[in-house]
Amino acid sequence: MDDSHGWSMAQASLEITTVTSDGFGENGYVVRCAASGVVAVIDPGNRVEEILDWLEREGATPVGILLTHAHLDHLEGVAALKDATDAPIWLHAGDRPLYDGVGQQAAMFGMRIETLPPPDHAWAHGDAYRLGDCDLEVRHVPGHSPGHVILYSAEAGVAFVGDVVFADSIGRTDLPGGDYETLMSGIRAQVLSLPDETTLYPGHGPATSVGRERVGNPFLAPQFGGSRFA
C-alpha cells in the first residue's frame, strides 16, 4: 500500500486499511476481522486496483461491498470490484434512486461511470452485519443522503461514518435528498451517543473521535454544548 494514499491499523477486533481515492479524495476501507480473517470493503472509491492488489497479497476474498451511501465518489469502483470478486453489495433502500442515477451524478462533474450492478442486500437500521467473528451495527443517519448509514463496532470501538461527520465538519446537506435538521438530529442520536473514545473513520479526511468532535467540531459544540445529550 502506498503510504501517500493509505495506511493500516489494528483496532482490537478489526484490522483497517484505508485507501484514499484520486480526485474526490474519498476514503475507502478494507476491514478484516482479526479473529477469523474475514474481509469486507467499505465504500471502495476509485482505487480498486490497489484494493485488489491488497486482497491478492493477503490471499483474501471480500464477503461484502458495504456502502454507507450512494454518492458518486463512494461508488466509482463498485462495478470493477463486484466484477473481480462477486462480493454482494449492501445499500440502504433510501439511497437506491441515487445509486440507479449514478450516471446523472457523474454527468454533473463531466464524468462517465460504468453501469452499476444492482445491490444484493438492503441495510435496515439496527441490523447486525456479521463479518466472521465480528459484528458491525447498522445505524441509519439520513440528512446527507436519504439512505446514509454508519457501521459501528462496539467491540473494536470504531465507526465508519461515511459523509455524516468529519474532523471539524459535517456532511453537506445541499445535495438532492439532503436536509440539515435531519442530519443534525441523526448525528446527535447515532454518533454523539457513542462512547467518546470511539474512533470515527470518515469518507474524507483523517480519522477522529466522538469525544474530539463533541467538544471541538464547530458545527456540533455550539449546539450541543459539548454534552452528549444536551
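# A guided tour of the predicted model

A search of the whole structure finds seven aromatic pairs. The model is a predicted one, and these ring pairs offer a convenient point of entry.

**Stop 1: the aromatic rings**

Please select W90 and Y129 to begin. Their rings form an edge-to-face aromatic pair, with 5.4 Å from centre to centre and 80 degrees between the planes. These two values are the ones to check in the viewer, since a pair of aromatic rings is described by the distance of the centres and the angle of the planes. W90 belongs to strand β6 and Y129 to strand β8 (residues 128–131), so the pair links distant parts of the chain, 39 residues apart. Are W90 and Y129 buried or exposed? W90 counts as buried because its relative accessibility is 18%, and Y129 counts as buried because its relative accessibility is 7%.

Next, display Y29, F160 and Y201. Ring pairs link these three residues into a cluster. F160 will return at a later stop, where it stands opposite L151.

**Stop 2: the disulfide**

Which cysteines form a disulfide? They are C33 and C134, whose sulfur atoms are 2.2 Å apart. The count for the structure comes to one disulfide. The link of C33 and C134 is right-handed, with 75 degrees about the S-S bond. C33 lies in strand β3 (residues 27–33) and C134 in strand β9 (residues 134–140), so the disulfide ties together parts that are 101 residues apart in sequence. Both cysteines are buried.

While this region is in view, add S13, in the loop between β1 (6–11) and β2 (14–20). S13 counts as buried because its relative accessibility is 10%. Leaving aside its neighbours within four places in sequence, S13 is in contact with both C33 and C134, and also with R32, A34, S153, E155 and A156.

**Stop 3: the sheet of six strands**

Now colour the strands β8, β9, β10, β11, β14 and β15. In that order they form an open sheet of six strands with mixed pairing. The edge strands are β8 and β15 (208–209), each of which pairs on one side only.

Within this sheet, turn to β10 (residues 149–153). The strand is mostly covered, as five of its five residues are buried. V149, L151 and S153 point one way from β10, whereas I150 and Y152 point the other way. In general, the side chains of a regular strand alternate between the two faces of the sheet.

What pairs with β10 on either hand can be followed from L151. β9 and β10 pair in the antiparallel sense over four bridges, and L151 is the bridge partner of V138. β10 and β11 (residues 158–162) also pair in the antiparallel sense, over three bridges, and here L151 stands opposite F160. These two strands, β10 and β11, form a hairpin with four residues between them, and G157 in the turn has a positive phi of about 70 degrees.

Move on to β14 (residues 199–202), which runs antiparallel to β15 and is joined to it by two bridges. Here T199 has S209 as its bridge partner in β15. Finally, add helix α6 (residues 180–191), which lies across β9, β10 and β14 and runs at about 150 degrees to β9.

**Stop 4: helix α3**

Select residues 78–85, helix α3, where V78, A79, L81, K82 and T85 are buried. Why do these residues share a side of α3? They cover an arc of only 165 degrees around the axis, which puts them on the same side of the helix. An α-helix has 3.6 residues a turn, so residues three or four places apart point the same way. What covers the buried residues of α3 includes α1 (48–58), α2 (72–75) and α4 (96–100), together with β4 (39–42), β5 (65–66) and β6 (89–92). Just after α3, D86 takes a positive phi of about 60 degrees.

**Stop 5: H74**

The tour ends at H74, in helix α2. H74 is buried, with a relative accessible area of 0%. Which residues is H74 in contact with, leaving aside its neighbours within four places in sequence? They are E26, D43, P44, G45, L67, T68, H69, D163, G203 and H204. As a last step, select the C-alpha atoms of H74 and S145: they are separated by 12 Å, and the residues are 71 apart along the chain.

Key:
Residues are numbered from 1 along each chain as its sequence is written. Side-chain values use heavy atoms; hydrogens and water are left out. Buried means under 20% relative accessible area, exposed over 50%, partly exposed in between (1.4 Å probe, protein chains only). The arc is that of the directions from the helix axis to the C-beta atoms. Contact means heavy atoms within 4.5 Å. A disulfide is a pair of cysteine sulfur atoms within 2.5 Å. Rings of Phe, Tyr and Trp (its six-membered ring) pair if their centres lie within 6.5 Å; planes under 30 degrees apart count as stacked, over 60 as edge-to-face and the rest as tilted. Two strands pair if DSSP finds at least two bridges between them. Axes are lines fitted to C-alpha atoms, for helices over the stretch in contact, and angles run from 0 to 180 degrees between N-to-C directions.
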